Amino acid sequence: MLNFIWGGLIITAILGSSVGLLFGNCSVNDMVTAMFGSAETSVKIAIGLAGLLCLWMGIAQITQSSGLINVLAKILSPLFRIIMPSVPSNHKSLSSITMNMAANMLGLDNAATPLGIKAMRDLQELNDNKTVASDAQIMFLVINTSAVTLFPISIFMYRMQMGSASPTDVFIPLLLATSCSTLAGFIVTALIQKIPLFKLPVFVLFALFFSFIAAVICWGMWAGSKLTEQSTIIGNFLLLLLIAVIFIWAMVKRVNVFDSFITGAKEGFKISIDILPYLVAMLFAIALFRSSGVLELIIDGVKYICSIFSPDVRFVDALPVSIIKPLSGSGARAMMIDVMQTYGADSLQGHIASVMQGSTETTFYVLAVYFGAVGIVRVRHAVVCGLVADFTSMVASIILGYMFFA
């Protein structure tokens, strides 16, 4: 499916630009500039990931060498036996998956990506067909792309820079929207893979999940204007605490932490090189699609259709954020800023755009990076399940936007 999506984006962009040239609405120069710029951006991303991959792969190697992975696997094995039945209860991928999910929840994007790649490579060892995504890899990717983010610091910062009187007022609706997307992604993937959901560990997970969400919402209401400062401190503290626990455990187990770190760091550097071709391919297609004018045409059409059913179509102005987000995180971020510049950070459009930006990950970017790191070319139902989560996030963001800010 990724092959058709990638080729479809390129062909649609070129055909759309050809039509646009007839009406003077498209610049070939802009498309060529975007095409070459995407290659340069890919290299910058790969270089930026190299150091982070070395760091976190080194730490992950210490976790593996110290045996801490076995403790984590034992705790999580009842749940993972249900949602990932092909993964043995003592496999090392469980630790990487857990750490990746924790990093995503804390909003630690730089830490989450290397840990996610590590988890995908560990799962690849269990994959009989190395070019086709396994059920476990798809479940992990879908949960990852729709992962709940408890501390959306970047959204708060952008809203503050754009002059919002209350930058953190999107915290509760954003948390609810991202919870909806995660739940939808998990359920649809479980249904496709025929995973039984009526099991005690799953019920316990849901109970703990929603209880934790309720506690965070209460904390957010109590913290008020100090939410950004408090969440930043807590997120950084938890990150350092996690590293400290790993190193203390390893030292107690008499592991040579330096040698283990270097071994993992070498693997991380190799991964950063392997990722580059996949990044170039995806960002090239996205750049052409954005610069061809096709996206703008789609938005105008949606606005016209929505105006037939509802007199209030203000939410359509924020839709570019949700449409671009699965394709390009930086593109969606630029769209969010543009919406806030045009309509105001505290407008309905500005609020909805902020919630959309923070409620999901960049599906196709994560898919390209994670699957590209292990050489998978057939992704099966991963794209469909990820897009279901993205669509749920979009709908939830619109509904919550009107509930909280209309």
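In the predicted model, 52% of the 406 residues of the protein count as buried. The secondary structure comprises 17 helices and 0 strands. Of the contacts in the protein with a separation of 6 or more, 78% join residues 24 or more positions apart.

The largest nonpolar core holds 96 residues, and the members that touch the most others are Met84, Ile275 and Phe371. Helix H11, spanning residues 257-291, gives the most to this core, contributing 9 residues. A separate core of 11 residues lies apart from it and includes Trp56, Met99, Ile246 and Val255. Within the largest core, the surroundings of isoleucine 275 were examined further. When neighbours within four places in sequence are set aside, isoleucine 275 is in contact with Leu49, Leu53, Ile117, Val369 and Ala373.

Two helices illustrate the burial of whole elements. Helix H6 (residues 135-145) is largely enclosed by the rest of the structure, because 10 of its 11 residues are buried. The buried residues of H6 are Ala136, Gln137, Ile138, Met139, Phe140, Leu141, Val142, Ile143, Asn144 and Thr145. Helix H15 (348-359) is likewise mostly covered, with 12 of its 12 residues buried. The buried set in H15 includes nonpolar side chains such as Leu348, Ile352, Val355 and Met356, together with Gln349, His351, Ser354, Gln357 and Ser359, among others. From its first C-alpha to its last, H15 reaches 17 Å, close to the 16 Å expected for its 12 residues at 1.5 Å a residue.

Internal space was considered next. Rolling a probe the size of a water molecule over the atoms shows where empty space is left. A search of the whole structure finds 2 cavities of 30 Å³ or more. The largest cavity contains about 60 Å³ of space. Its lining consists of 10 residues, and those nearest the centre of the cavity are Ala60, Thr63, Lys92, Ser95 and Ser96. Helix H2 (28-66), helix H4 (93-105) and helix H5 (109-124) are the elements that give two or more residues to this lining. By class, the lining of the largest cavity is made up of 3 nonpolar, 4 polar and 3 charged residues.

The second largest cavity contains about 40 Å³ of space. Ser322, Lys325, Pro326, Met356, Ser359, Thr360, Asp390, Ser393 and Met394 line the second largest cavity. At least two of these lining residues come from each of helix H15 (348-359) and helix H17 (382-405), and H17 supplies the largest share, 3 residues. Met356 and Ser359, which belong to the buried residues of H15, are among the residues that line this cavity. In terms of class, the lining of the second largest cavity has 3 nonpolar, 4 polar and 2 charged residues.

Backbone geometry was also inspected. Most residues other than glycine have a negative phi. Lysine 194, by contrast, has a positive phi, near 60°. Lysine 194 is placed in the loop between helix H8 (171-192) and helix H9 (200-223), and counts as exposed because its relative accessibility is 74%, above the 50% cut-off. Arginine 380 also has a positive phi, of about 55°, although it is not a glycine. Arginine 380 lies in the loop between helix H16 (363-372) and H17. With a relative accessible area of 33%, arginine 380 is partly exposed.

How values were computed. Residues numbered from 1 in each chain as written. Predicted model: local features only at pLDDT ≥ 70, side-chain atom pairs only at ≥ 80, totals over all residues. Heavy atoms only, no water. Core = buried A, V, L, I, M, F, W, Y, C linked by side-chain atoms within 4.5 Å. Buried < 20%, exposed > 50% of the residue type's maximum accessible area, 1.4 Å probe, protein only. Helix = DSSP H or I, 4+ residues; strand = E, 2+ residues; numbered from the N terminus. Contact = heavy atoms within 4.5 Å. 1 Å grid on protein atoms, 1.4 Å probe; cavity = no way out; pocket = protein on both sides within 12 Å on 5 of 7 lines; lining within 4 Å. Points joined across faces, edges and corners; volume = space filled by probe spheres on them. Expected span 1.5 Å × (residues − 1).
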